[in-house]
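Visitor: Before we begin, please take me through this structure by setting each value against the definition behind it.

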Amino acid sequence: IAIPITLGSAGLQIINLFDTMIYMRRLTGALAWSSDAADTAKGIYNFCQTIFNLPCSLITPITISIIPTVTAALTRGNADGARHTEESAVRIPGLIAMPCAFGLALLAEPITALLGGYSGGNLAMATRLMTVLGFTIIFNALVLVSTAIMQAHGHAGRPVINMLIGGVVNLVAVYVLAGMPLINILGTPIGLLMGYVVISILNILSMRRLLPKPPAILPNLLR
């Protein structure tokens, strides 16, 4: 199980690296932005990503902790107990992800103005970026939970494949959107959101196909 997890983490880092290269080249190439303007946009986006990563860092330990509990229940042949643990684990990230997502999305402007000290055009850019990243938290939480559940059932390779597919969707979306004048840097978080949506859908479909008693993810996440 360690090898697929390591490959998944390495894959995410590689995708993030290509993501940065793509949108910077699209801004300075297709849109003919100056290097200073592109670097400013990159700095604002990196700042928004830092805020985006905060609730995700709280969710990750919760999802990792369910793996041994679910595995122990499956070892004892207690499929119902494993399913109950999985659904309980889904509700806890939901309690974190939902308030954070809507809070960051709806209060993006005052949050970025306070924490980033932005004003004028930079504040407007940070607000748009933070709004999209806010809603991305929901799907990031869904990916983390569903990945941990499949790993607990011994299907550690499937989330890696789904992640790579979502990563390709992310990169293609960034390439297309970041080159549009009206979207520009906003295409980067939109591409990230699209990637997480695709991974979430693929993970849910994989659980329904691979697990004998798949947990009800969406009802418990929204409960």
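Visitor: What makes you speak of a kink in α5, and where is it centred?

Guide: This is a predicted model, in which local features need pLDDT of at least 70 and side-chain atom pairs count only at pLDDT 80 or more, while totals for chains, interfaces and linings use all residues. Residues are numbered from 1 along each chain as its sequence is written, and side-chain values use heavy atoms, with hydrogens and water left out. The bend at a residue is the angle between axes fitted to the seven residues ending there and the seven starting there; in α5 there is a kink of about 30 degrees, centred on Ile137.

Visitor: Why is α5 called mostly covered?

Guide: Buried means under 20% relative accessible area, exposed over 50%, and partly exposed in between, with a 1.4 Å probe and protein chains only; 24 of the 33 residues of α5 are buried, so the helix is mostly covered.

Visitor: What does α5 give to the largest nonpolar core?

Guide: A nonpolar core is a set of buried Ala, Val, Leu, Ile, Met, Phe, Trp, Tyr and Cys residues joined through side-chain atoms within 4.5 Å. The largest one has 62 residues, with Leu129 and Met130 among those that have the most contacts inside it, and α5 gives the most to this core, with 17 residues.

Visitor: Why does the radius of gyration of the chain agree with a compact globule?

Guide: The radius is taken over C-alpha atoms, and the globule rule is 2.2 Å times the number of residues to the power 0.38; with 223 residues this gives a value near 17 Å, and the chain has 19 Å, which agrees.

Definitions and conventions:
Helix = DSSP H or I, 4+ residues; strand = E, 2+ residues; numbered from the N terminus.
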